[in-house]
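Welcome! Here is a short tour for anyone meeting this structure for the first time. Have a look at the sequence and the model below before reading on.

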Amino acid sequence: MDRKNRVEPPGQIIKTRYSDIHAIVTGGGPITVILEAGYTSVSIDWCYVQPEISKIARVISFDRGNYGWSRTRRKTMTSLDSVEEIREVLDHHKIKPPYILVGHSYGGLSMRLFASMYPNEVAGLVLEDAVHESQYMLTPENTKRITKFRRLVTTGYVTSLVGIPRALKQKIGRKFLEKKYDQSLNYIGYTLGAYQSAYREYLDSEQSAQQLINAAPLRENLPVIVISAKKQPDSWKRDQLLLANLTENTEHIEADTGHSVHLENPAIVIESIKKLINNRP
């Protein structure tokens, strides 16, 4: 079924030791902006942001694990795995720093880990309604929610082996983007790899959170812009305030949107990235 409905990737496939990574690399210049999508989302999620930033910088978006057009033989899908895959894309293209990192939701974990691991290579960080690591720790407050969602993604993966989600039209990832991506979403949302990655990534989320907890603090003078969606529950908003204090040079923007600011009001994300590009030393 996947071969029948296959849509060719909009970017390129980069073969590495463990993966065939699909990456969209556009633009050019001395600074590179890396866009990391949220849980179950892929490179084309940045369809409104990447073209605009590509006018003034090189931009990279990519598909983690087996999402989208990527395929991997990695046994885990942690934030560290994501950082390693990004490094492989950068090495393949021989792209040197400085880098500006942009992470939406779950993607904020790996972008923060990247900035922690390579502090002298990162010129700025944008966290777009990014998840805080506490969301994935098995505390008494979180246990019921995490257990319920783990059961859901496990059921989705197991039933995908016999095609049930496709029959019920329960696809992974975005339901809608620009009209031109309809066929792409219908293809990548029903691949076995998409269900597998959603299952694996959530199962590994506590490990990802622990990786960040164990990481070195961000460089104190690192420019960070935290964009927080106003249409979120109070517990999420409290975590956003923790992110707003990551460094001594953190700006906090509240967006009158839901969770996906880059789709609901992309100008906020675009202007934040441009601000870090223009203000870098």
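The notes below cover a pocket, a helix that helps to line it, and a buried residue. Please keep in mind that this is a predicted model.

**The second largest pocket**
- The second largest pocket holds about 260 Å³ of space.
- It is lined by 16 residues, and the closest to its centre are Ala123, Pro223, Asn249, Leu276 and Asn279.
- Strand S7 (122-128), strand S8 (224-229), strand S9 (250-255) and helix H11 (266-279) are the elements that each give two or more residues to this lining.
- H11 provides the largest share of the lining, with three residues.
- Sorted by class, the lining has eight nonpolar, four polar and four charged residues.

**Helix H11**
- With 14 residues at 1.5 Å a residue, H11 should span 20 Å, and its end C-alpha atoms are indeed 20 Å apart, so the two values agree.
- Which residues of H11 are buried? They are Pro266, Val269, Ile270, Ser272, Ile273, Leu276 and Ile277.
- These buried residues lie on the same side of H11, because they cover an arc of only 160 degrees around the axis.
- Asn278 and Asn279 are exposed on the other side of H11.

**Glu201, a buried residue**
- Glu201 sits in helix H7 (residues 192-203).
- Is Glu201 buried or exposed? Its relative accessible area is 1%, so Glu201 counts as buried.
- Apart from neighbours within four places in sequence, Glu201 is in contact with Tyr39, Thr40, Arg64, Tyr67, Met77 and Tyr106.

Definitions and conventions. Residues numbered from 1 in each chain as written. Predicted model: local features only at pLDDT ≥ 70, side-chain atom pairs only at ≥ 80, totals over all residues. Heavy atoms only, no water. 1 Å grid on protein atoms, 1.4 Å probe; cavity = no way out; pocket = protein on both sides within 12 Å on 5 of 7 lines; lining within 4 Å. Points joined across faces, edges and corners; volume = space filled by probe spheres on them. Helix = DSSP H or I, 4+ residues; strand = E, 2+ residues; numbered from the N terminus. Nonpolar A, V, L, I, M, F, W, Y, C, P; charged D, E, K, R; others polar. Buried < 20%, exposed > 50% of the residue type's maximum accessible area, 1.4 Å probe, protein only. Contact = heavy atoms within 4.5 Å. Expected span 1.5 Å × (residues − 1). Arc of directions from axis to C-beta.
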